[in-house]
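Thanks for making time for this. I would like to walk you through one structure, going from a single chain to the pair and then to the DNA, so please keep the picture in view while I talk.

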Protein chains: 2
Amino acid sequence: MASERKTSADPARSLALLWRTREPTSRSAGTALSVDRIVRAAIDIADAEGLDALTMRRVAEALGVGTMSVYTYVPGKAELVAVMIDTAYGEMPRPVVEGDWRTRLERIARDNLALYQRHPWMLRAETTRPVLGPHLMAKYDYELSAIVDVGLTDVEMDAVLTLVLGHVKSAARAASEVVDLERETGMTDGQWWQSHAPWLETFMTAGAYPIASRVGTAAGQQHGAAYGPEYAFEFGLHRVLDGISVVVAERAANR
Amino acid sequence: MASERKTSADPARSLALLWRTREPTSRSAGTALSVDRIVRAAIDIADAEGLDALTMRRVAEALGVGTMSVYTYVPGKAELVAVMIDTAYGEMPRPVVEGDWRTRLERIARDNLALYQRHPWMLRAETTRPVLGPHLMAKYDYELSAIVDVGLTDVEMDAVLTLVLGHVKSAARAASEVVDLERETGMTDGQWWQSHAPWLETFMTAGAYPIASRVGTAAGQQHGAAYGPEYAFEFGLHRVLDGISVVVAERAANR
DNA sequence: CCGCGTGGGCGTACGGCGTACGGCCGCGTT
DNA sequence: AACGCGGCCGTACGCCGTACGCCCACGCGG
């Protein structure tokens with residue numbers, strides 16, 4: 001079962017780790033381990049095999065050291081995951097995008113989707129409070145800059161970003177579920193449905209859930225699975241941007 | 001760490017459990033345990049102490065039986081959680097709402113938010129494929145009926161619901177994080193920020209992240225924490241509904 | 001040049017998890 | 001009255017995160 005949190009009681013320790021406040025002593029120069037090497041190894045494992053495969057023993061093994069050596073650099077697993085998350089944010093592109101705010105926001109949404117596709121474990125790890133590392137700050141700053149001049153209040157800008165990123169995360173999660181259900185059961189999404197459908201029909205007395213049956217099969221088969229999540233992402237994104245346009249237009253009119 | 005899934009290889013067993021296909025034999029009449037009693041106990045534990053506190057030993061203890069007795073009625077923990085989820089869906093109200101589709105969708109969003117507030121563990125448990133139990137079907141059917149006559153295609157109706165419910169879940173998750181961070185650290189959201197802020201300022205060299213700093217403090221202090229998540233929910237919901245209005249109007253015009 | 005303190009590395013162990021396995025026992029059926 | 005089957009559950013296994021304390025080599029002050 002998920003856990004995380006627990007520790008983190010000491011803000012100084014956690015934040016110092018995220019911000020890498022630790023000038024390398026002459027002593028630690030020639031050591032085998034470092035926070036960076038540990039984080040890199042951990043991300044590789046999580047990318048390749050998912051968050052469940054990420055154990056402290058596994059990380060240590062990948063680095064060729066004893067399990068407990070990892071704890072020399074990282075207070076615990078929760079903190080390791082936090083640094084992994086901030087590191088992943090650091091990899092994101094932050095291009096200067098020509099065009100209007102809508103173009104920029106759409107680009108941001110797609111970049112975030114790509115992030116979650118590259119690191120699906122983030123979808124299950126980001127549960128607690130935001131990490132407050134340097135790369136998250138940079139990301140937040142960059143994303144705000146895309147809409148800073150459209151006439152919204154600061155609070156509204158934050159809410160807009162929250163909305164867009166929330167949608168991306170939801171859609172990414174749906175897509176990721178399809179993928180790793182496939183990995184775990186060895187069946188495609190379509191095959192999974194086919195194996196469950198006959199049983200479902202057995203239970204559902206005819207005529208119960210009429211709308212659900214019609215829409216469910218339509219939604220299921222029209223975009224024959226695997227393309228489903230992408231459709232949901234695109235549809236939702238355009239709806240969300242349309243909705244934001246309304247406030248933006250309001251503000252522009254009142255100016 | 002989170003796990004779930006694993007088992008579930010056998011659709012028949014899982015679905016039969018969800019749909020309670022199991023006529024009570026004369027033998028099982030006077031038994032102490034039942035799927036319902038187990039599920040009820042499990043939901044009580046998860047409601048009161050969170051998903052981390054939900055262990056098979058704990059459930060058995062609450063029922064006054066041996067740990068392994070639970071496995072007589074439930075194949076494993078993943079399946080238990082699935083039944084818990086479907087049961088929770090069953091508690092939701094499904095009133096006939098007067099008014100237009102927007103009124104009904106808004107009501108649905110609030111009902112779903114209330115569900116997540118009553119059962120915060122669902123936010124962390126619903127990760128895998130939807131449960132396909134009778135109550136989820138009923139919920140899906142009911143929610144579709146709210147927008148069945150606005151002129152959208154079946155696929156679009158599904159996407160609209162996905163969008164709205166996704167937003168609700170994101171907002172509920174944000175709100176839930178505030179609550180259980182408070183429970184775990186014993187500090188309010190404001191206190192947490194105050195304890196981290198001085199450290200953050202130490203690390204952030206002045207002038208870095210200018211927009212993030214301004215907007216972050218504005219967003220943080222204007223609606224002085226604890227009210228933040230509610231604002232994000234309301235703001236996002238109105239934006240989403242506005243966005244949906246646009247497609248609905250398009251379809252109405254083209255008819 | 002030498003001793004020593006310190007910090008990196010890690011072996012062992014503990015408590016807790018999900019659950020496989022096999023046995024016991026009392027009831028309903030024949 | 002005998003039987004077998006299904007509810008019940010004690011024990012044990014292999015995982016997990018991590019507390020604790022030891023060893024050793026290295027860098028520095030004398």
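**From one chain to the pair**

Let me begin with contacts inside chain A: among those between residues at least 6 apart in sequence, 74% join residues at least 24 apart. Before going further, please keep in mind that this is a predicted model, and that the values I quote are computed from it.

What is chain A built from? Chain A has 11 helices and zero strands, and its C-alpha atoms fill a box of roughly 70 × 60 × 30 Å when the box is taken along the principal axes. Of the 255 residues in chain A, 35% are buried.

One helix that deserves a careful look is α8 of chain A, which covers residues 154-185. At 1.5 Å a residue, its 32 residues should span 46 Å, and because the C-alpha atoms at its two ends are 46 Å apart, the expectation and the model agree. After α8(A) comes Gly186(A), whose phi is positive, near 75 degrees.

For an example of residues that are separated in sequence, take Glu126(A), which sits in the loop between α6 (122-125) and α7 (134-145) of chain A. Glu126(A) and Ile85(A) are 41 residues apart in sequence, while their C-alpha atoms are 7.6 Å apart in space. Is Glu126(A) buried or exposed? It has 19 C-beta neighbours inside 10 Å, and a buried residue needs 20 or more, so Glu126(A) counts as partly exposed.

Now to the second chain. Chain B can be laid on chain A with an RMSD of 0.0 Å, by a turn of 180 degrees and a shift of 0.0 Å along the axis. That is the relation of a two-fold axis.

How many residues of chain B are in contact with chain A? There are 64 of them, and they are in contact with 64 residues of chain A. On the side of chain B that touches chain A, the largest share, 15 residues, comes from α8(B). That side divides into 35 nonpolar, 16 polar and 13 charged residues. Since 100% of the interface residues of chain B are also interface residues in chain A, the copies meet through the same surface.

Next, the nonpolar core. As background, nonpolar side chains in soluble globular proteins tend to be buried together. Here the largest nonpolar core has 122 residues, of which Ala42(A), Met84(A), Ala42(B) and Met84(B) touch the most other members. If we leave aside neighbours within four places in sequence, Met84(B) is in contact with Val39(B), Ala42(B), Ile43(B) and Ala46(B).

Finally, the DNA. Which residues are closest to DNA strand C? Of the 22 residues that surround this strand, the closest are Val65(A), Gly66(A), Met68(A), Thr55(B) and Gly76(B). The surface near DNA strand C has seven nonpolar, 10 polar and five charged residues.

Around DNA strand D there are 23 residues, and the closest are Thr55(A), Gly76(A), Val65(B), Gly66(B) and Met68(B). The surface near strand D divides into seven nonpolar, 10 polar and six charged residues, and its largest share, three residues, comes from helix α3 (residues 56-63) of chain A.

Methods: Residues are numbered from 1 along each chain as its sequence is written. Chains are lettered from A and ligands numbered from 1 in the order in which they are written. This is a predicted model: local features need pLDDT of at least 70, side-chain atom pairs count only at pLDDT 80 or more; totals for chains, interfaces and linings use all residues. A residue is near a molecule or strand if its C-beta atom, placed from the backbone, lies within 6 Å of it. Ala, Val, Leu, Ile, Met, Phe, Trp, Tyr, Cys and Pro count as nonpolar, Asp, Glu, Lys and Arg as charged, and the others, Gly among them, as polar. Helices (H or I, at least four residues) and strands (E, at least two) are DSSP runs, numbered from the N terminus. A nonpolar core is a set of buried Ala, Val, Leu, Ile, Met, Phe, Trp, Tyr and Cys residues joined through C-beta atoms within 7 Å. A residue is buried if 20 or more other C-beta atoms lie within 10 Å of its own, exposed if 12 or fewer, and partly exposed in between; C-beta atoms are placed from the backbone. Two residues are in contact if their C-beta atoms, placed from the backbone, lie within 7 Å. Copies are superposed by least squares on the C-alpha atoms of residues with pLDDT of at least 70 in both. The expected span of a helix is 1.5 Å times one less than its number of residues.
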